[in-house]
Structure formats: C-alpha cells, structure tokens
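Reader: Could you take me through one part of this model up close, starting with a pair of side chains inside a helix and working outwards from there? I'd like the local detail first and the whole chain afterwards.

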Amino acid sequence: MDSKFIAPCGMTCCDCLLANNEINDTAKKFKEAMESHDFIRFLKHFSKITSLPFFQDFKQTDEFMNMLNKIISMKCDSLCMEARGCSVPQADEIMVGMVNKAHKCDVLVCIESKGVEGCWDCSELEDCDKKKMFNRTYGNSPVETCKIVRDKGKEAVEPRGNKYYKWQQ
C-alpha cells in the first residue's frame, strides 16, 4: 500500500468511508438536483395538502435535508499523513464554520510529542488509551495495521475493503 494512505494512528485511508468521496459527491449532486427542481418545496407542499399516507413522511423533509448536509460536510479533503491532521470536520467545527480545516487528534498530538512517525514506533501501541476511541468503530484494525508496519513495513499493509470497520467484521 502507498504509505500516504496509512495514517499515523494505523487507520488506512483507502478503506475509510469518509475518504471515499463518492458518497459525499453523490449526496451533493442529489441535493443540488432537488434544489434546482424545487423538489423540496414540492414535497413539503404535498405533505401539507393531502392526507395520503405516502406523502405524510415528507413532513420530515427539513430533517432529511439537515442529514444530507451533514453527510456532504463529512468529506475528507486531505490525507492525515500529508496534512498532519484530519480534514473530516468535528461537530463543534461545523457549528462555528471551521469546516475542512485539518485538526490534530489526541493520537497525532502524542505522536508528535514523542517525535515518532506513527503509533507503530511507540512502545505503548497495544496499551494506549488514546487509541481506545477507535475500538467501537474500527475494532482492532488500526492496531493490526501498526503491527504490520512495525514488523514488515508499510508496503506489507493490504487494504481491508469491507472488513475494515468493526461492524463489517
């Protein structure tokens, strides 16, 4: 694997759904099409004037559009290894309009304070409290990646595809 796709924490960008911009780009195109045809107003109108059950769900159009906007905002614009920070916005950054600014997570701050390239160079790899934030979503994938890098080098890391996230395993 190209080393630029291996984040310092052991996450692999090529497997990450947020780095796969197809989802975000499709959501953006869908939103633009709905807006250009005034489809949102159409749905809201019919949900108000008819009692047909089919149209009643469209009373939640605002909530749907809010969710669509959040999906669009989750776009990854740069790789962590290149930007030395994550470009996927955090909830508090979206609220204050700081979207798509690379930020340093606790793991990256720790790596930089120790002067190492990645968690694979750290003796605390398996007992690190900072990496526990990954466990519920990624399982042990980042730690496994770090072990491969430590033992065999970055070129030995293989993409996991649909076995990357804990809920896919």
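Author: Happy to. Let's start in helix 1, which covers residues 21-36 and holds both lysine 31 and glutamate 35, four residues apart, or about one turn of the helix. Keep in mind that this is a predicted model. The side chains of those two residues meet in a salt bridge, with N to O at 3.8 Å. That counts because the cut-off for such a pair is 4 Å. As for cover, glutamate 35 has 44% relative accessibility, so it goes down as partly exposed.

Just past that helix, have a look at aspartate 38, which sits in the loop between helix 1 and helix 2. Its phi is near 55 degrees, a positive value in a residue that isn't glycine. That's worth a second glance because most residues other than glycine have a negative phi. Aspartate 38 is partly exposed too, at 37% relative accessibility. If you want a feel for distance, go from the C-alpha of aspartate 38 to that of glutamate 117: they are 79 residues apart along the chain and separated by 50 Å.

Now back up to the other side of helix 1. Alanine 19 is in the segment before that helix, and with 23% relative accessibility it is classed as partly exposed. The line between the classes matters here: buried means under 20%, so alanine 19 at 23% doesn't qualify. Leaving out residues up to four places away in sequence, alanine 19 touches Cys13 and Cys76. You can also run a ruler from alanine 19 to arginine 84, which is 65 residues along the chain; their C-alpha atoms are separated by 15 Å.

Next, move on to helix 2 and helix 4, where another salt bridge turns up. This one joins the side chains of aspartate 62 and lysine 44, with N to O at 2.6 Å. Here the pair links distant parts of the chain, since aspartate 62 belongs to helix 4 (residues 61-73) and lysine 44 to helix 2 (residues 39-49), 18 residues apart. Both partners are partly exposed: aspartate 62 has a relative accessible area of 47%, and lysine 44 comes in at 29%.

Right beside aspartate 62 in the sequence is threonine 61, also part of helix 4. What does threonine 61 touch, once its neighbours within four places in sequence are left aside? The list is Ile40, Leu43 and Lys44. So lysine 44 appears twice in this corner, in contact with threonine 61 and in the salt bridge with aspartate 62. Threonine 61 itself is buried, because its relative accessible area is 4% and buried means anything under 20%.

One more charged pair before we zoom out: glutamate 112 forms a salt bridge with lysine 104, their closest N and O atoms being 3.2 Å apart. Glutamate 112 is partly exposed at 35% relative accessibility, and lysine 104 is partly exposed as well, with a relative accessible area of 43%. The pairs described here are among the 10 salt bridges in the structure.

So where does all this sit in the whole chain? There are nine helices and zero strands, and the pattern along the sequence is simply α-α-α-α-α-α-α-α-α. Along its principal axes, the C-alpha trace spans about 65 × 35 × 25 Å. The radius of gyration is 20 Å, whereas a compact globule of 169 residues would be near 15 Å. Of the 169 residues, 36% count as buried, threonine 61 being one of the buried ones.

Contacts tell another part of the story. Among those with a separation of 6 or more, 58% are between residues 24 or more positions apart. On the outside, the accessible surface comes to about 10,600 Å², and 54% of that belongs to carbon and sulfur atoms. As for charge, the chain has 25 positive and 26 negative side chains, and the centres of the two sets lie 3 Å apart.

Note on methods
Residues numbered from 1 in each chain as written. Predicted model: local features only at pLDDT ≥ 70, side-chain atom pairs only at ≥ 80, totals over all residues. Heavy atoms only, no water. Helix = DSSP H or I, 4+ residues; strand = E, 2+ residues; numbered from the N terminus. Buried < 20%, exposed > 50% of the residue type's maximum accessible area, 1.4 Å probe, protein only. Rg over C-alpha atoms; globule rule 2.2 N^0.38 Å. Contact = heavy atoms within 4.5 Å. Areas by Shrake-Rupley, 256 points an atom, 1.4 Å probe, with all protein chains shown as cover. Lys, Arg positive; Asp, Glu negative; His and termini not counted. Charge placed at Lys NZ, Arg CZ, Asp CG, Glu CD.
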